[in-house]
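Student: I am new to this structure. Can we go through it in short steps?
Tutor: Yes, ask away.

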Amino acid sequence: MASRRTIGLWLVSLLTLVTLSAQAQEIEVKRVASDSLVSYLRHHCGSQVYFVKDAEDVASYTVKAPKEGFEKAALDELQAKGYAVSRFDGKWFVLQGKSIAAVELPAGFFDPRVDRHADDGLAKLRDEENQVVTFRNKIYEIGDLTPGRTGKAFVRGHVRDITSGEPLVGVAVYDDKTGAFVTTDSDGFYRVELPLGENVLHFSGYSMEDMALNLQVYGEGGLDVVMKEKVTSLKGAVVSADGRSAHRDAKMGVETVRMNVVKTIPTAFGEADVLKVVLTLPGVKTVGEAATGFNVRGGATDQNLILFNDGTVFNPSHMFGLLSSFNTDVVNDVELFKSSIPVEYGGRISSVLDVRGKEGNNKKISGSLGLGLLTSHFEMDGPIVKDKTTFVLGGRTTYSNWMLNLLPASSNYSGGIAGFNDVNVSVTHKFNDENSLQVSGYYSSDKFAFANDTTFHYTNANAAIKWKSHFRDRHTMTVSAGYDSFSNSLDDTHDQYTAYSFSSGIKQMYGKADLKSVYGRHTLSYGANAQFYDLAPGAINPVTDESFAAEEVLDKQNAFEGALYMGDTWNLTDRLSIDFGTRLSGYLAMNPGKFYFHPDVRLSGKYSFSDNFTFKAGFNSMSQGLHMISNSTSVSPMDTWHLSSANLRPQTGWQGASGLYWTLGQVDFSVEGYYKEMYHYIDYISGAKLVMNPDLESVLVETRGKAYGAELMIKKPSGKLNGWVSYTYSRSMLKEVEDRGVETINGGDWYCAAHDKPHDFKLVGNYKFTHRVSLSMNVDYSTGRPVTIPVGRYQINGKYYLAFSGRNAYRIPDYFRMDMAMNIEPGHYLKQLAHFSLTFGVYNVTGRKNAYSVFFNHDAIGRVKGHMLSVFAVPIPYVNLNLKF
Amino acid sequence: MKKIILFVCAALLAVSCVYPFSVDDSSSVDRLVVFGDIIVGDEFEIRVSKLEPLYVEEDAPEFDYSLAHLTDLWVEGSDGSTYKGDFSAAAGTCKVNMKSASTEADYRLHFVCNRKEYISDWRHADTRVAVDSLYYQLDFEKNKFRAKVDFHADGSSKYFSVTYKEVWEYTAAYKAKYEYIPRDMTQYPGRYKYGLVQPLTNPNYRCWNTAYSRGFQVLTSESLTQSVFKDVELASLNRTDSKLSNCYFMEVSVMPVAQDAYEYMNHIDEMANSLGDLFSPNPSEMRGNIRCVDDPDEFVIGFVSVTHKSTKSMYVIDSVLKFYKTSGIFMPADEVGEYHWPSYYNKGWVPFDYDPDKKMAWWTPFDCADCRAAGGTRTKPEGWPTKGI
């Protein structure tokens, strides 16, 4: 009775869902689910189909074909939607993942007369030395069977994206039984030690489908894995890859920025921006929404090491800080280290932002195009030699330059320039599974002038070559060398008698050798860095024949910085692990020579009370020989750099931190507290001349800094509703070291740093209505930043001048902003040539007039009037159209 | 299409705005302010005042920032000379005459205020500067008169302060040939029921006014090959500015100053003018060269330089220049019968013309018929080139 009822219901539903028009020649099935289509094949075409529906498959199918070709058309359609269709023993197998032909060898495989290339999947398996895994229901044999052997063996390999072949970074690779846990590195490489015998190795990556592979480990061996993107993440994973890493890894304060998150977070003018997303992380602040640079846990902007493909980016912004220098299309992943900074990084005392570019699709040419209100960007990548050599080419430009020329002359903006360009290029060649070489380059240029007589220009340029090698199972070596430069210039021609051109710049050449070795429960990181700085503090040249401007070139500054480092990640037990190491950093200032030595310490440890509840603590000390010379609140494109010298000591600092991490279902909770101190941070005497000052060090004063705070974060990385909410309480204070009498800043007492904003609340949320449509929201609240304001006025020759309060004694009004965006993703038709995505949103929905800065002037009768400048004072709607192919 | 683009451009530029801002609590600070330069070979003024509150209500009484407690002031020379200040000027202002002072000596300022003694540091005026020319340029396109100066220095000085003085002759809108005497002030109140309009013998029609450059202008030749300055703009006047209506006089004074004086003045000027830009320097207080002998930690605002002055002057007469244009603003004038004279008088108007036959007078507001209302005086400066009085 029940079966009759089931059949009846099935028929009713089939009739309801399916519009069937079986004419004499042609069959048409409209808008049915995959299982209904398969049922139709079974019942009406007599096909023997073994079908496992993808739990997340909600696509609808329409097939129209002549009766004799209907089976093929339907199977093609299923294949087009991502299913693997194989024929074996007269039956069709429609499964997720790869062809079933990879499981068993077809008949005649060893017969040389049989064309073995008839099955691509099989050919691929044969051709590759390592197994490429996409299929789950299989036992993979690793290593050579050696009877009687016991103990453990390393399993290593790369984890890549199934469609593009791009390495997947930060994928958690673990074995629940032994507690072995690693994450893939920037090349998607992993190496995990497993006991010989049967193991289940799990792979869990952000927004990727989790995998659990059955391994039979006989010895050391390779296992390359390809993972596919979780097409629908609405139901989410139980524990995210990030959450899992937080409990397995002893490192603290490591934030990973996912590129798909970057593309959904609303930003001004809708330009997807890596740095703007970094600003949504707890502990990261900025002095203003259009400001260049960011402050991490109370550190200054010049205390962040910003790396792009290993090269240092000195000014990571375009257009006064409206946009960052990074083209999101070419970025693969971003990591911010704000507490536990790995030993291989050095040279800055606050944080490291490591932005890594794509390697390029090794399967086919792909790319993207984007049109925004301000900029357009493109990216193209693909194989030069399939599976061997790939390239990435990307670029951006802006239209504001020619748009300004269209403005009426009366607008004061006509004829102005506000433009930028940037270009990224990289080529990666894989010699074999163990060795690869990457050559990359980056160039960005900004030029702006609102008055026709003054032009600012600055450029970043980076070039790098990197060789990566995995050898003798347990070692990985990365050797890289590169050249980074930043230069800026100003041409002032408003007066023909004083017309001049000012320029300054910094260049650095570096070489690095980083090694990683695994010995039992120890993972050693060790290596050496060497860096040479060549800094031109400033030069002035006359630019007209009539100009009296004197040609002047300040003496170059040079320094050499070298470091030897060694660190160990020691997993004492499954619950307890320690990260410790030291970086012996030497800085040699030249002309006159002075050597500074800093043995930097890195120490962190974790103890997991359970699989989802962990305590961590850490301490690290850092040093840096480079100082940014800037007396403005925001980093200016005209800021210069200065090297530590015989008279100016390198900045040093240390940070102690501890935290609790708790994962409950899909939600990660964390609370981290920190205290840090900074030494030899520079400030300036009042009225200091910072540009073209041959005796600059005489106007610098040394300060000591302290910062402390607590960061609470609740993160839900997957599911229909995903995102994070964080609250930070933090302080950042400075104090002049020297007593200069009445001129000592703030009388020698502690004063607030310009970025001291005690309360900071951030919310980044994304709600997926369907697989294609989602709504993103971003909320940002913080205490207003400190400012120095006038407290009195006085007259000289009938004009009023101002007397000021103590340094940063007041605050501008609190900051609040809410942004919203609707994202419409392309359809998930895998064979579609091009995919359009559309984003429209509103930045600063409430139109709150957030103060960027305050200033004071006088009216006609001398009364002082206070004003605040709001950079984005109104809601800013935007539309962004992106094409991916 | 172009309109759409312009709209987009305008929208982008319109997203940033400036809004009023006030601080609820800006506690008042009590500081002494000292300004003026010791000019060797000339007479000069030193002003000692105190800091004014930042915010002054519109209806609040004028704040008296002058310092009545300034009890003594003198300039001390390294050659043993002393030049006492003259307190006959306004409170807080002191004149010092050093016309006979030696150029070889160093000098410093002393003053006593609130029973505390203050001194500046020793300074020497060792460089002379020459004003090469003071001239004007007429910009017919923008209807501007621009006064400019060229100067150079032979010595090692690279820092200069430039000030100027303007004197101009101007007239009231209407030449008042008559004056009104209210009924009660006439000899025969019964006869002049509505008051009396009678001829005026000395109308306040032509005046001379004086102004000084506001604040200060400092220049440096630090980045120049020579201390030569050309086309330094001093003042820019609109073509309709009444300063140009008759005769305009300008005297420019250029004084070399020390590097620290330049940096001080440049700093406070920058703090007053450049704050608020995205890339403005952070505001800060800079110490001048005045210190309190009795309390070295007291912060005194101000810088007193020791310098020489080089001057040059010019007259610009409109009858020769023919550049001035009247503003075209309507000056009110009513023809009024005697019945209305008292009411016009009571609202501040005065008669400037009169028809005795009709007993009708032309009335205009006081400031249109009396040049003194614009701040000038009737005293003709000595050596003034035009003849009118």
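Student: How many bridges pair β9(B) with strand β11 of chain B, and in which sense?
Tutor: This is a predicted model. In it, B:Y107 stands opposite B:R123 in β11(B). Strand β11 covers residues 123-124 of chain B. Its pairing with β9(B) is antiparallel, and the number of bridges is two.

Student: Which strand pairs with β9(B) over seven bridges?
Tutor: Look for the residue that faces B:R108. Its bridge partner is B:E76. The two strands pair in the antiparallel sense, and the partner of β9(B) is strand β6 (residues 70-77) of chain B.

Student: β9(B) also forms a hairpin with β10(B). Which residue there takes a positive phi?
Tutor: Strand β10 spans residues 116-120 of chain B and runs antiparallel to β9(B), with four bridges joining them. One facing pair is B:H110 and B:I119. Two residues lie between the strands of the hairpin. The positive phi, near 50°, belongs to B:N114.

Student: Why is β9(B) described as largely enclosed?
Tutor: Buried means under 20% relative accessible area. The strand covers residues 106-113 of chain B, so the test is how many of its eight residues are buried. The rest of the structure largely encloses it, because the buried count is seven.

Student: What span should helix α2 of chain B have, and what do its end C-alpha atoms give?
Tutor: The helix has 15 residues, 259-273. The rise is 1.5 Å a residue, and the expected span takes one less than the number of residues. The expected span and the distance between the end C-alpha atoms agree, since each is 21 Å.

Student: Is B:D269 of that helix buried or exposed?
Tutor: Several residues of α2(B) are buried, among them B:A261, B:Y262, B:I268 and B:D269. For B:D269 the relative accessible area is 16%. The cut-off for burial is under 20%. So B:D269 is buried.

Student: Which residue meets B:D269 in a salt bridge?
Tutor: The closest approach, N to O, is 3.3 Å. The pair crosses between chains, from helix α2 of chain B to strand β50 (residues 799-804) of chain A. The partner is A:K799.

Student: How far apart in sequence are the parts that A:R649 and A:E702 tie together?
Tutor: These two residues form a salt bridge, with the closest N and O atoms 3.0 Å apart. A:R649 lies in the loop between β40 and β41 of chain A, whereas A:E702 lies in strand β43 (residues 700-716), so the parts they tie together are apart by 53 residues.

Student: Are A:R649 and A:E702 buried or partly exposed?
Tutor: A:R649 has a relative accessible area of 39%. For A:E702 the value is 24%. Partly exposed runs between the 20% and 50% limits. So A:R649 is partly exposed, and A:E702 is also partly exposed.

Student: Which residue forms a salt bridge with A:R602?
Tutor: A:R602 is buried, and its partner is buried too. Their side chains meet at 3.9 Å, N to O. The partner is A:D600.

Student: How many salt bridges does the structure hold over all chains?
Tutor: The total takes in every chain. The number is 45.

Student: What percentage of chain A counts as buried?
Tutor: Chain A contains eight helices and 56 strands. Its length is 885 residues. The buried share is 59%.

How values were computed: Residues numbered from 1 in each chain as written. Chains lettered and ligands numbered in written order. Predicted model: local features only at pLDDT ≥ 70, side-chain atom pairs only at ≥ 80, totals over all residues. Heavy atoms only, no water. Buried < 20%, exposed > 50% of the residue type's maximum accessible area, 1.4 Å probe, protein only. Pairing = 2+ DSSP bridges. Salt bridge = Lys/Arg side-chain N within 4 Å of Asp/Glu carboxyl O.
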